[in-house]
Amino acid sequence: MGSANHRRKRSRHPAVDAEADRELLQFNVRLAKRQQALADTNRIERKAFREHARIENATAAYCRELAALLDQSDFSRGLTLSAIPDGGEAVLIVQRSDLHFNERVELPSNRYDFAVASARLAKLAARVKQIGASYGARKVVVACLGDFLNSDRRLDELLSNATNRSKATLLAADILRAFLLDLRSQFELEVYGITGNESRVNKELGWSDALATDSYDLMIYEILRRGFSQTEGIAFCGFRANELLFQVLGRTFLCLHGHQIGANTQKSVQEITGKYAAQGITVDYTLFGHLHASNIGDYHARNASLVGSNAYSEAGLNFCSKAAQNIHIVTGGGDAAAAAIDGLKVDLQDTTGIEPYPFAAEWEAYCPKSERKLRNPSVVFQVVV
């Protein structure tokens, strides 16, 4: 009898146990999902905090190093400058863009580093002084059109290369300081500037002033502006994010970097100047760079680069170029209707016999970006069963 009751009790246990097991399993699944959700949330929050912390640490390290190097420099002290020349009815415009100071190029057809950049700028200054003397010019306008540095925008590289970024920035300012002083020995100077696309600090390409001016171009411009703030005959007249207007002898010039110019250059330039025409502003000539190839037209002039060909342009794009910058001679006195604009490309590729400007070689730092562009990234998918 007892054994029959025991069998009846055992016959009810499997269903009850199965139901209990299902409830327990469902509860454990819900608990596991809740725990996983919390873990995912914590992971995302930790990742966001880590990235923001790395950006802040990198920026702080960059600022500390830059401030330390600025404290060591005294480029604005003890200068003896010649008197500003009188007379002259011509004004020269030096179109300066795509200097990419911290790029290194080692090719059979081209070599580029800080020393070569310094020599090429010295050659450019010599040509400016030669042309200025032939036209009797007393003033030179220097239009800085961006991309003075290559920029590493990866967070870990920005952090590890904080010293290199700061040294490259100040070294660029040191070489440009010598270039401006060289021109100042013969001319009165006005300097304008805008940002390029490569010298931006952020990953995103921004068009707003706040984002676009987060750029090494602005930092270099400000270092020079502050350094020459008490220097007679060198005036830093304005810096804008993407576009800037200035006037010379009644002619209005528009400065762009050039990454907003489409494949049809003439059409793109006229579209951009058209928006100024709608505001009642007539743009007489547009200056830009970006593509590292010279092109001087009736209403616009594209600048080449100070670098010339690099590994990416030659091997990746099958595109060769020369180091060059443009000079424009504006003549015609005060009569805007009679003013003429003559453009000239200055070939800077060969610097044989040119003495480079002295600079602090211990600050040298490079970003061989063109080499990395040749490497095609690959993505590997792993399926786990």
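Student: Let me start with one residue. Is L181 buried or exposed?

Tutor: L181 is buried, because its relative accessible area is 18%. Here buried means under 20% relative accessible area, exposed means over 50%, and partly exposed is in between, using a 1.4 Å probe and protein chains only. Keep in mind that this is a predicted model: local features need pLDDT of at least 70, side-chain atom pairs count only at pLDDT 80 or more, and totals for chains, interfaces and linings use all residues. Residues are numbered from 1 along each chain as its sequence is written, and side-chain values use heavy atoms, with hydrogens and water left out.

Student: Where does L181 lie, and which residues does L181 touch?

Tutor: Look for contacts, meaning heavy atoms within 4.5 Å. L181 lies in helix 4; helices (H or I, at least four residues) and strands (E, at least two) are DSSP runs numbered from the N terminus. Setting aside residues up to four places away in sequence, L181 touches L79, L81, F228 and I234. L79 shows how folding joins separate parts of the chain: L181 and L79 are 102 residues apart in sequence, but their C-alpha atoms are 9.3 Å apart in space.

Student: How should I read the sheet, and how many strands form it?

Tutor: Two strands pair if DSSP finds at least two bridges between them. In this model six strands form an open sheet, in the order 6-5-4-1-12-13, with mixed pairing. Strand 6 and strand 13 (340-347) are at the edges; each has a single partner strand, so one side of each has no neighbour in the sheet. From one strand to the next, the twist averages 20°. Strand 1 and strand 12 run antiparallel and are joined by five bridges, with V91 opposite V330 in strand 12.

Student: What can you tell me about strand 5, and is it covered?

Tutor: In a regular strand the side chains alternate between the two faces of the sheet. In strand 5 (residues 188-194), seven of its seven residues are buried. E188, E190, Y192 and I194 are on one side, L189, V191 and G193 on the other, and both faces are covered. Strand 5 pairs in the parallel sense with strand 4 (residues 139-144) over six bridges, and six bridges also join strand 5 to strand 6 (residues 234-240), again parallel. Follow V191 across: V142 stands opposite V191, and V191 stands opposite F236 in strand 6.

Student: Which helices pack against these strands?

Tutor: To compare directions, lines are fitted to C-alpha atoms, for helices over the stretch in contact, and angles run from 0 to 180 degrees between N-to-C directions. Helix 2 packs on the sheet, touching strand 1, strand 4, strand 12 and strand 13, and its direction makes about 20° with that of strand 12. Helix 6 lies across strand 5 and strand 6, at about 155° to strand 6.

Student: Which residues have the most contacts inside the largest nonpolar core?

Tutor: A nonpolar core is a set of buried Ala, Val, Leu, Ile, Met, Phe, Trp, Tyr and Cys residues joined through side-chain atoms within 4.5 Å. The largest one has 55 residues, and F101, L121, L124, V128, V140, F179 and L180 have the most contacts inside it. Helix 4 gives the most to this core, with twelve residues.

Student: How do I read an aromatic pair such as Y221 and F236?

Tutor: Rings of Phe, Tyr and Trp (its six-membered ring) pair if their centres lie within 6.5 Å; planes under 30 degrees apart count as stacked, over 60 as edge-to-face, and the rest as tilted. The whole structure holds seven aromatic pairs. Y221 and F236 are edge-to-face, 5.3 Å centre to centre with 80° between the planes. This pair links helix 6, home of Y221, to strand 6, home of F236. Y221 is buried at 5% relative accessibility, and F236 is buried at 15%.

Student: Last one: where is the pLDDT below 50?

Tutor: pLDDT is the predictor's confidence in each residue, from 0 to 100. The chain averages 81, and 71% of the residues score at least 70. Residues 154-162 are below 50, and this stretch has 17 contacts in the model beyond near neighbours in sequence.
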